[in-house]
Amino acid sequence: MTRHILSLSGGKDSAALAVYLRDRVPEMEYIFHDTGMELPETYDYMARLESVLGRPVVRTTPEDPFEHWLAVYGDMLPSNHRRWCTKMLKLKPFENYIGEDPTINYVGLRADEKRTGYISTKPNITAVYPFQEDGLVRADVIRILEDSGLGLPPYMDWGRSRSGCFFCFYQQKIEWVRLRRQHPDLFERAKEYEERSAAVSKGFTWCGNESLAELEQPERLKQIEDNWNAAQERKRARREDLPLSAVIGGAEIEEEEPEGCLICSL
């Protein structure tokens, strides 16, 4: 018997896909790969999503936590070139949960996205992309969430663009600034991990070319925020320069979504 599984990340796309397929695939299993390092808002959002679905969401929490794997990898932080966090805290629990059962895995990639990402190479798992097949784009995702009463993930209210661990290395610098302002305790934990890793990987940091200790200096915080605000003004100016025909035709520039691990951020 084929299983139908939808992996939830705490992000808007997978949540919208769950709502979209709720009545279309009644046998769906909803799962959430809980790393133990998610934002508090993500846990709140998952609880609200369970109410909307009227179904429980299974937590596939890994047996060994992040700290265990950090030690195994010699205190080397995960990065976009060394994504052991995705492998050990997301993919392995996902594949262990499925086992050898023939499975259709529903993925929330939209029709307006060109992203790709590794989900699983196991032969018993087949990935399908309902949003792409049905031509649904970002605006449709937002409409689905609003119509259901679920709305967008609450971390977006303070400027976090995606789900995932609070220390995700795919965060933009402005998101690190916002994390420090919104959740200073989590920022401190991320800084502690970075300082621990510095002992074995000199110069390697969460956000590339500067440490969190450097980033949180008042003048640097202000510079990052000023640069981000200036970039947003330039984007707004480009939108205002579009001819009316282009706006009516749907050519307005939507907010860009940064790169990230597919299984973490959908």
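In this predicted model, helix H1, which spans residues 12–21, and helix H6, which spans residues 138–148, bring their axes within 9 Å of each other and cross at roughly 65°. The crossing in which H1 passes H6 is left-handed. On the H1 side the contact is formed by Lys 12, Asp 13, Ala 15, Ala 16, Val 19 and Tyr 20, and these meet Arg 138, Val 141, Ile 144, Leu 145 and Ser 148 of H6. Sorted by character, the residues of this contact of H1 with H6 comprise seven nonpolar, one polar and three charged.

Seen from H6 itself, the buried residues are Arg 138, Asp 140, Val 141, Ile 142, Ile 144 and Leu 145, and the buried residues of this helix pack not just against H1 but also against helix H2 (40–53) and helix H5 (130–134). Just after H6 comes Gly 149, whose phi is positive, at about 90°.

Turning to the nonpolar cores, the largest has 32 residues, of which Phe 66, Phe 167, Trp 176, Tyr 193, Trp 206 and Leu 215 touch the most other members. At least two residues of this core are supplied by each of helix H3 (66–72), helix H4 (84–98), helix H7 (173–182), helix H8 (184–198), helix H9 (212–215) and helix H10 (218–240). Once its neighbours within four places in sequence are set aside, Trp 176 is in contact with Phe 166, Phe 167, Cys 168, Gln 171, Phe 187, Ala 190, Trp 206, Cys 207, Leu 212 and Leu 215. Apart from the largest core lies another, of 25 residues, which includes Leu 6, Ala 18, Tyr 30 and Tyr 45.

Technical notes:
Residues numbered from 1 in each chain as written. Predicted model: local features only at pLDDT ≥ 70, side-chain atom pairs only at ≥ 80, totals over all residues. Heavy atoms only, no water. Axes fitted to C-alpha atoms, helices over the stretch in contact; angles between N-to-C directions. Helix = DSSP H or I, 4+ residues; strand = E, 2+ residues; numbered from the N terminus. Left-handed = near helix turned anticlockwise from the far one by under 90°. Contact = heavy atoms within 4.5 Å. Nonpolar A, V, L, I, M, F, W, Y, C, P; charged D, E, K, R; others polar. Core = buried A, V, L, I, M, F, W, Y, C linked by side-chain atoms within 4.5 Å. Buried < 20%, exposed > 50% of the residue type's maximum accessible area, 1.4 Å probe, protein only.
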